[in-house]
Structures are given as structure tokens and as C-alpha cells.
Amino acid sequence: MQNQEQFVRHSAAVLLAFGLIASVLPGFAAEPTGPESSRGLPIYQMSPSQEIPSKYTNDWREDPGLWGSEPEMRNQSWMLAGAGLDSVLGRINTTKVLQNLRTAQEKSGNRRGCFWWNWKDGKITDTNAGFFVTMGLLTLAHTGEGQLNQQQRELLDKLLSEARYWFDRETADLEGNLRYPNKCLGDVVCMWLIAERFDAPTPEQHKILNRTLAYYRDSDWGWGEHMSDIYAKVIQDELLALYMWGASATAGQKQAIWDLFLELVAVDDVFDKGPRVPAIRSYSATRSPSNTPYRERLTPWTGPEDSVWQPLRAMAYQDGIPALLPEQPKPPRHAEIACYGGARALVTRSDTWRLGAMSRYQIMDGIDHPGWGLAWQSMPVAYWRNKGDWSFLQWESVDKGGSTRSHPQSYGDYPKSLADREPGMIGMTYSVRRDDGFVILRRCSRSNQWTSFKDRFRLIRSSTVPATRKNGDWNIMDVDYDSDGKLQLQFLPLVGQGEQTLAKNTYNGYDWDYSYSLAGEEFAALWIVLPLPGNSAPPVVSRNGGIVSLRWTDGDLRHLDVDLASSDPMKVREAKVSKVNHLRPPRKCVDLAGLKMHVP
């Protein structure tokens, strides 16, 4: 299919140039500028006569000297960073918090410098705590170090110098972690900023940073966290911290950091104050998601009731980052977002709904296992309405022990694979666009462990009651939203037989299940998901060996072949030219004051 390409961010070139100029101005990125934002001087200042904000007292536990009834260590460092902005570090027990953070930091072994997740753990249970705690401490160094006494500064230095062991170790295994964007980039950012605090990044650390930035630019974000409402924000925090405070970064490195940050802002802009669809890494398998775009999180510090990450974002606001962002464009109706290995996130949106599908999911081999993975927290096909209706395609298996597993499923201590095997068992999803909707192939091999296996369309918080019917061999479900159009699903089993049912679920919605009879080696089916003002006839189907041909007499897509023997099974044979916004268009290189930058 040939597409006429448009740029999602039509003004990016001018503002990217502006951003680059600002980044090389003396002091812009290395230190905050302006009379009220030098290191250690808070943006939001309290008078000494003011009461300490209740957040610092209500949740305080004198024993052990931390915040929270079950203290999370990451929250402690971010509370201190916020206290710096509130000018209360000298009026709370900062010393005790820093001492307890040091207690919760591993002193030896291959996890030296990492932190416990919870105070009660007494040991490392989740190594991600290393980044979350350290990023808060690095932010504290910029929001309130000038308020610390000598003992507290020595404690802060000790915490960061010990954390250096952890991040130097993690970044030494760079290639093994690159696929995992928020973890790898967070490790590299902490490595870099800690190195700057005590001396300067080494030539080897420059190579590590260059390799990391190039990988996310060239691979389209590894295993796909740019399609996560949660983890895209973590990555944006990491990039901004490095952009603002990475004084030793070269102009080229600063440019690469800014380019990546703008790319994530552009993804936010496509979804225009709503959640990403499709979603990679979402914890919304049982509830309707919401999302506040990152540009709206860059706000002044208004006091301690802000979110735990807000101190860093308030510093970015004070540094003038919002003024460097492109003006938010009108979101496109159709968009394609590049993902790893040539896969694309296909998006259709209107003012009241959005529908998305991955052209291929899984997008990367080796990332799903019995105990961890991405398939359990991803929605390769998803639909969301502004009123909160939320729906997605979902696999579900039940094993002989009665354990139910689903992709996606809720967050918790559950098996992460559809069956107990290594590598983990997942189903594959392939999609192509048809007008505002998508034609989707779903296929999964069968496990002898199963007593039940389903492919379903799940609706959560449904504001209407679906209706089902038959049209030849196709099963049809209509979800009618009255004057606001409808969502129509068309289903056709290709490999394997079963029964289709519609039933209420426990999430104020409905499940449209296809329960396969457990015979054969594989299951496969077609789903056609169409947001429509009315009805649409399913395509005429013909089969020739392993090729299933679909033909329509109207719409953009007229002829599609599904080759069940191919690893790239969706073959578009005839289609009209359509207009699609591609998030990463070809770029040309120009020179600005001797610094290379990329613009459309």
C-alpha cells in the first residue's frame, strides 16, 4: 500500500533548531538559569514562619524515620527532593532519612550500591529500586543541596558514590539491556550524572552514552516502551535529567537526547490527552486507562501535594523546557508509529474514540518467559472512548491445575506465559488497515497443558449492550453508541473449531469469547474491527491451500491474502492510496552553527 506521507510535527524543524541553540548556550543545560533557580535555591519558597506542609508530617513515622506506614525507599529520596523545593530540608529529619537510605543500600557483592524496594524487605527484592532511589537523590542535588549541612552532604555523597558501583556494573552489560528502554537509559543517565558529580565521564562512558542514544534512535525504542503511557514518561524524565544536568555531554549528544525527547512528545501528541492504543506495557487489563501527556506535567512547583516525580519536572519548567517544545499540532485521524524490526503501531482516532493495532506483535524475540515478559501487559489491539469505554483482544488459557492465564492480565504474582514452557508461550497478532479499522490475524500454537483456550474481545465499562448475529460464516458483534456511531467486530475462525459466546464480565462490561476445541497443533482466526456510522458487509472469502483471500467491493483495502505458512502473513494485493501520518519521516541533515542536526 502506498501512502502519502505527512509530518505529525510540522513545526518541529524550527523548534528543534531553537532547542539546539538553547542547549549550547552557557549554563542552559548544565545548571538552571535565573535568579531563583540556582542549585539549592528552591522554586517554591516557604517563609521560615510558615508551618511545614502537612505532607512532611502526617505520613512521617518516627520509627524508623521514614515516610509511609510501609516505607518504599524510592519515595524517600523524592520526598527529600520536594522538600528542597519547599525549603524545609533544615526543618525535617533529613539526616535520618539519608541514614536510612544508606542502611537500605547494599554494601558488597554484585549488587553493591543498589537499594531495597521496601524498608521491611531488608534485602534487594527488585533491582529497579536502584534507579528510582538514585534519580531522586540526583534531583535532590539540584533542588536543595545548598540547604544541607556538612553531615548531610557527606551522606548524599556517600549514597551516590556507592550507587556508582551499581550503575557502572549495569552499564558494562549494555548490549544485554538495550532492548529494555526505561531500565537501560535510566542506568546510563545515573552512571553519567554520578560520574560528573565526582570527576568527569570517561571516554568509555562517552561510548556507552553514544551507543545508547543511537540504539533507541535506530531501533525505534527497543521492545516498545514509547507505546506505554507509564514507561514513556519515565524515559522522558530520564532524557530531561540528562539534557538539563549533563554538563559534560557534547553538543552532538545533547542534540541526540533532545531529538529522542521530542519524538516521545510527538507520540503523546498523536493521542491528544488520552491513552495510547495499541499499548505495550499497560496495567489496564481490568480498568479503563487515562493519560496526561508529558507536556502538561511540566508545571511550576506548587507545593508538596504534587506527584512524587514532580520535583524533576518542576526544575524542567523553571529551565524553560516548555518554551522549547513544538506547538501541539491537531492530532491526525490516521497515524503510524515506528516500532522495532519494522513493526508499526497503527492508530485511528476521532474526537470521541481511538482504535489501535500493532502490525505485528510480538515485535521482538526472547522477551517472554514463564516468570516475566511483555505479552501479559500489552494490548496489541485496543479501543478506547472518552467516556471511559475500554476494550481489547485477549487470549486466555486454563491449565490442568486450574490456573487461568491471560494476555493481557492484571498486575500481580501470576504466571506470565500462556503455558509452562521456555521460552514463554504467547499468541501472535498481525494487522493491516482497512479504512478507519483493521483486519487482524490472531494465531497461537496449542499446549497439551490446557483444558480451555479462548480468544476474546473484552469490553470494560461498557456504556451500551452489544448485539451479535451471523452473516454467512462470519460472526458479527455490533456495539452501538447511538448518535456517536458504532464499533463492529467480524470474526472468522481459520484453523480450529469452537463456539462463540457473549457474556457479562466482572468489569461492568462484556466478553465476546471464541472457545476453541482442543484439537490440532494451532489455532488461527481473523478479526475485523471497524468503527462505523452504520453496517459493513464482511469480505468474500476464498481459500487456496494455505492462502486465504479476502475481497471487498468498497473501501481502501480491496484484496488481502493471508498466508498461514508465512512469518509475514498479511499480503495486501489491492488497495487505494490513503493518507497516513508517519511519526518518523525521512530527514535531511543540515548544519547549524557548525552543529549537525536533523530536520524534515
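What covers the buried residues of helix 12? The cover includes helix 3 (73–85), helix 5, helix 10 (229–245) and helix 13 (321–324). This report on a predicted model starts from that helix and then turns to other helix contacts, aromatic rings and backbone details.

**Overview**

The chain has 600 residues, of which 60% count as buried. It contains 13 helices and 28 strands. Among contacts with a separation of 6 or more, 68% join residues 24 or more positions apart.

**Helix 12 and its contact with helix 5**

Seven of the nine residues of helix 12 are buried, so the helix is largely enclosed by the rest of the structure. The buried residues are Gln310, Pro311, Leu312, Arg313, Ala314, Met315 and Ala316. After helix 12 comes Gly320, with a positive phi near 85 degrees.

Helix 5 (residues 129–143) and helix 12 (residues 310–318) have axes that come within 9 Å and cross at roughly 45 degrees. Angles from 35 degrees up to 65 degrees fall in the oblique class, and helix 5 and helix 12 are therefore oblique to each other. The crossing of helix 5 past helix 12 is left-handed. On the helix 5 side the contact is made by Met135, Thr139, His142 and Thr143, and on the helix 12 side by Pro311, Leu312 and Met315. An α-helix has 3.6 residues a turn, so residues three or four places apart point the same way.

**Helix 3 and helix 4**

Helix 3, one of the elements that cover helix 12, also packs against helix 4 (residues 94–103), with axes that come within 10 Å and cross at roughly 145 degrees. Helix 3 passes helix 4 in a left-handed crossing. Met73, Gln76, Ser77 and Leu80 of helix 3 make this contact with Thr94, Val97, Leu98, Asn100 and Leu101 of helix 4.

**Trp166 in helix 6**

Trp166 belongs to helix 6 (residues 150–172). Its relative accessible area is 3%, and Trp166 is buried. Buried here means under 20% relative accessible area. The C-alpha atom of Trp166 is 5.8 Å from that of Cys114, a residue 52 positions away along the chain. Apart from neighbours within four places in sequence, Trp166 contacts Asn110, Arg111, Arg112, Gly113, Cys114, Thr127 and Gly130.

**Aromatic pairs**

How many aromatic pairs does the structure hold? There are 30. A pair of aromatic rings is described by the distance of the centres and the angle of the planes. In the pair of Phe453 and Tyr516 the ring centres are 6.1 Å apart and the planes are at 25 degrees, so this pair is stacked. Phe453 lies in strand 15 (residues 450–460) and Tyr516 in strand 20 (residues 510–516), so the pair ties together parts that are 63 residues apart in sequence. Phe453 is buried at a relative accessible area of 1%, and Tyr516 is buried at 6%.

The rings of Phe491 and Trp527 have centres 4.7 Å apart and planes at 65 degrees, so this pair is edge-to-face. Phe491 sits in strand 18 (residues 486–495) and Trp527 in strand 21 (residues 522–532), so the parts tied together are 36 residues apart in sequence. Phe491 and Trp527 are both buried.

These four residues belong to a cluster in which ring pairs link Trp395, Trp450, Phe453, Phe491, Trp512, Tyr514, Tyr516, Phe523 and Trp527. Trp395 also has the charged end of Arg442 over its ring, 4.0 Å from the centre. Elsewhere, Lys254 lies over the face of Tyr243, 5.6 Å from the ring centre.

**Backbone details**

The table gives cis peptide bonds and residues with positive phi that are not glycines.

| Site | Feature | Angle |
|---|---|---|
| Asp63 to Pro64 | cis peptide bond | omega near 25 degrees |
| Val277 to Pro278 | cis peptide bond | omega near -5 degrees |
| Lys273 | positive phi | about 70 degrees |
| Arg461 | positive phi | about 55 degrees |

Pro64 is in the loop between strand 2 (60–61) and strand 3 (66–67). Pro278 is in the loop between helix 11 (251–271) and strand 4 (279–280), and Lys273 also lies in the loop between helix 11 and strand 4. Arg461 is in the loop between strand 15 and strand 16 (467–471). With a relative accessibility of 44%, Arg461 counts as partly exposed. Strand 15 is also the strand that holds Phe453 of the stacked pair.

How values were computed. Residues are numbered from 1 along each chain as its sequence is written. This is a predicted model: local features need pLDDT of at least 70, side-chain atom pairs count only at pLDDT 80 or more; totals for chains, interfaces and linings use all residues. Side-chain values use heavy atoms; hydrogens and water are left out. Rings of Phe, Tyr and Trp (its six-membered ring) pair if their centres lie within 6.5 Å; planes under 30 degrees apart count as stacked, over 60 as edge-to-face and the rest as tilted. Helices (H or I, at least four residues) and strands (E, at least two) are DSSP runs, numbered from the N terminus. Buried means under 20% relative accessible area, exposed over 50%, partly exposed in between (1.4 Å probe, protein chains only). A charge sits over a ring if NZ of Lys or CZ of Arg is within 6 Å of the ring centre and within 35 degrees of the ring normal. Axes are lines fitted to C-alpha atoms, for helices over the stretch in contact, and angles run from 0 to 180 degrees between N-to-C directions. Angles under 35 degrees count as roughly parallel, over 145 as roughly antiparallel, 65 to 115 as roughly perpendicular and the rest as oblique. A crossing is left-handed if the near helix is turned anticlockwise from the far one by less than a right angle, and right-handed if clockwise. Contact means heavy atoms within 4.5 Å.
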